[in-house]
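Dear colleague,

I am passing on the structure we spoke about, together with some notes on what turned up in it. Please look through it first and then read on.

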Amino acid sequence: MPVPDTTTRSVAVVTLGCTRNDVDSEELAGRLKAGGWTLVDDASEADVAVVNTCGFVEQAKKDSIDSLIEASALKETGRTQKVVAVGCLAERYGQTLADELPEADAVLGFDSYADMSTHLRTILDGGTVKSHVPSDRRKLLPLSPVTRQEASADVALPGHSAPRARLDSGPWAPLKIASGCDRRCAFCAIPMFRGSFVSRRPTDVIEEARWLATQGVRELFLVSENSTSYGKDLGDLALMDALLPELADIDGIERVRVSYLQPAEVRPGLLDAMVAIPEVMPWFDLSFQHASAPLLRRMRRFGGTEPFLGLIDDVRRRSPLAGIRSNVIVGFPGETEAEVDELAQFLTAARLDVVGVFGYSDEDGTEGELLPNKVDAQDIADRVARITDLIEELTTQRAEDRIGESVRVLIEEVDDETGDVIGRAEHQGPDVDGTTRVVGAQASIGETVLATVVGTEGIDLVADRA
């Protein structure tokens, strides 16, 4: 653990991207706090701004670069003296990013996290820290999952061990259960810069969950690159089934939500475990990506319209009111209009609550980058618009189907103008799955309110307190 020095310096950690990055940022914040740094919310009030970047798709990379440039501009107008890039974009491109983005005073990879306090002090004192040199992180661990746990002790796995410092005071928090991915989807570069799949030991997950409960967290949002693989490197693929009731039994924890389920790996036993525990939310984050079986094979994935609809039926047979969300990609190389039609037909039949629609873009180092039969950029844009319009219609209808349902709403916000309280029902995941407004109710943030759905605003619900 870093030894605090006598000089008080301030740092702001700016987080971009997914909830996994949120965990990593809180780990960095915990390390820096232990190293004597003062954490501040506003980058313009910090000596150093640490920008935790996203490197997932082209738009996310652009947003990260824009944020770095914006933070750098504060050096001329505010207190901020230095800007440091960390996270997935920094890990993925390292020195190349440093060369092309002089606005960043350093570009540091995951291996630098343990010594981040020392690095920031060096940079703030006018020294330099060598920028990260990228490598394929899949090669850092053994190929066989069952031999990885011991080897992983020498590999940086952000979010796995260091004490966190919460950067958000809300009643839910992400909790990392694993890092990395062993799948080889043709469109995805994540395994190259996040590495092979490694589970956190249940004891570590439970210990952190108990700490989060003491910080006012009422809902645990379990995150990883692939939660259905949890436990395979610990010798037990059913380990999630045993972990869930232990998390649900923690004092103060009212909800547990499992994210990032791979459809091809979902086991009946996992579905049974999820629906058997009242504290585990009836919410299924199923990454379909498409519905055409031949296209999915080209993506190096499995499934198709029939097996996916069968999985949805399996979920709804166990939990009729469950929320189901997914993501889809259109414009993958070789995609035909007939395959887009099949995707549209699948989505119509599936009646999902939320769907994210992405246009394909080549990602450096992936198989998709090298495939022939690229779809024209305008055609991709047209397909995104078509599927997005369809999704907006379908998810609005799905929300309207919930009128009359009884819902339990975890309150996250109080509307200053109307006095209404706003939160999420059991079937609504955080950030992107819509909200439920409870009209005229008085409740505190973190309280759970029983209500009846009386209306909708798109995918958002309007409810009266029961």
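Is F346 buried or exposed? In this predicted model, F346 is buried, with a relative accessible area of 1%. The aromatic rings make a convenient place to begin, and the count of aromatic pairs comes to 7. One of them is formed by F288 and F346, whose rings are edge-to-face, at 5.4 Å centre to centre and with 85° between the planes. This pair links distant parts of the chain, since F288 lies in the loop between β11 (283–285) and α11 (293–298), whereas F346 belongs to helix α13 (residues 337–350), 58 residues apart. F288 is buried as well, and its relative accessible area is 1%.

A second pair is that of F332 and Y360, which is also edge-to-face, with 5.2 Å from centre to centre and 80° between the planes. Here too distant parts of the chain are linked: F332 sits in the loop between β12 (323–330) and α13, and Y360 in the loop between β13 (354–359) and α14 (367–370), 28 residues apart. F332 counts as buried at 0% relative accessibility, and Y360 counts as buried at 9%.

Elsewhere, W172, F221 and W283 come together in one aromatic cluster. The ring of W283 also has a charged neighbour, in that the charged end of R257 sits over this ring, 5.3 Å from its centre. A similar arrangement involves Y260, where R20 lies over the face of the ring at 4.5 Å from the ring centre.

Y260 deserves a second look for its backbone, because its phi is near 60°, a positive value in a residue other than glycine. This tyrosine is placed in the loop between β10 and α10, and at 24% relative accessibility Y260 counts as partly exposed. R300 can be described along the same lines: its phi is near 65°, again a positive value in a residue other than glycine, and R300 is found in the loop between α11 and α12 (305–318). With a relative accessible area of 47%, R300 is partly exposed.

Helix α9 (residues 239–248) has as its buried residues L239, M240, L243, L244, L247 and A248. These residues cover an arc of only 150° around the axis, and therefore they lie on the same side of α9. As for what they meet there, the buried residues of α9 pack against α8 (202–214), β9 (219–223), β10 (255–258) and α10 (268–276).

Finally, a word on the cysteines, which may matter to you when you go through the model. Why is the count of disulfides 0, as far as C18 and C181 are concerned? The closest cysteine sulfur to that of C18 is in C54, at 6.3 Å, which is too far for a bond, given that a disulfide needs the two sulfur atoms within 2.5 Å. For C181 the closest cysteine sulfur is in C185, at 6.3 Å, and this is likewise too far for a bond. As to their surroundings, C18 counts as partly exposed at 25% relative accessibility, while C181 counts as buried at 9%.

With best regards

Methods: Residues are numbered from 1 along each chain as its sequence is written. This is a predicted model: local features need pLDDT of at least 70, side-chain atom pairs count only at pLDDT 80 or more; totals for chains, interfaces and linings use all residues. Side-chain values use heavy atoms; hydrogens and water are left out. Rings of Phe, Tyr and Trp (its six-membered ring) pair if their centres lie within 6.5 Å; planes under 30 degrees apart count as stacked, over 60 as edge-to-face and the rest as tilted. Helices (H or I, at least four residues) and strands (E, at least two) are DSSP runs, numbered from the N terminus. Buried means under 20% relative accessible area, exposed over 50%, partly exposed in between (1.4 Å probe, protein chains only). A charge sits over a ring if NZ of Lys or CZ of Arg is within 6 Å of the ring centre and within 35 degrees of the ring normal. The arc is that of the directions from the helix axis to the C-beta atoms. Contact means heavy atoms within 4.5 Å.
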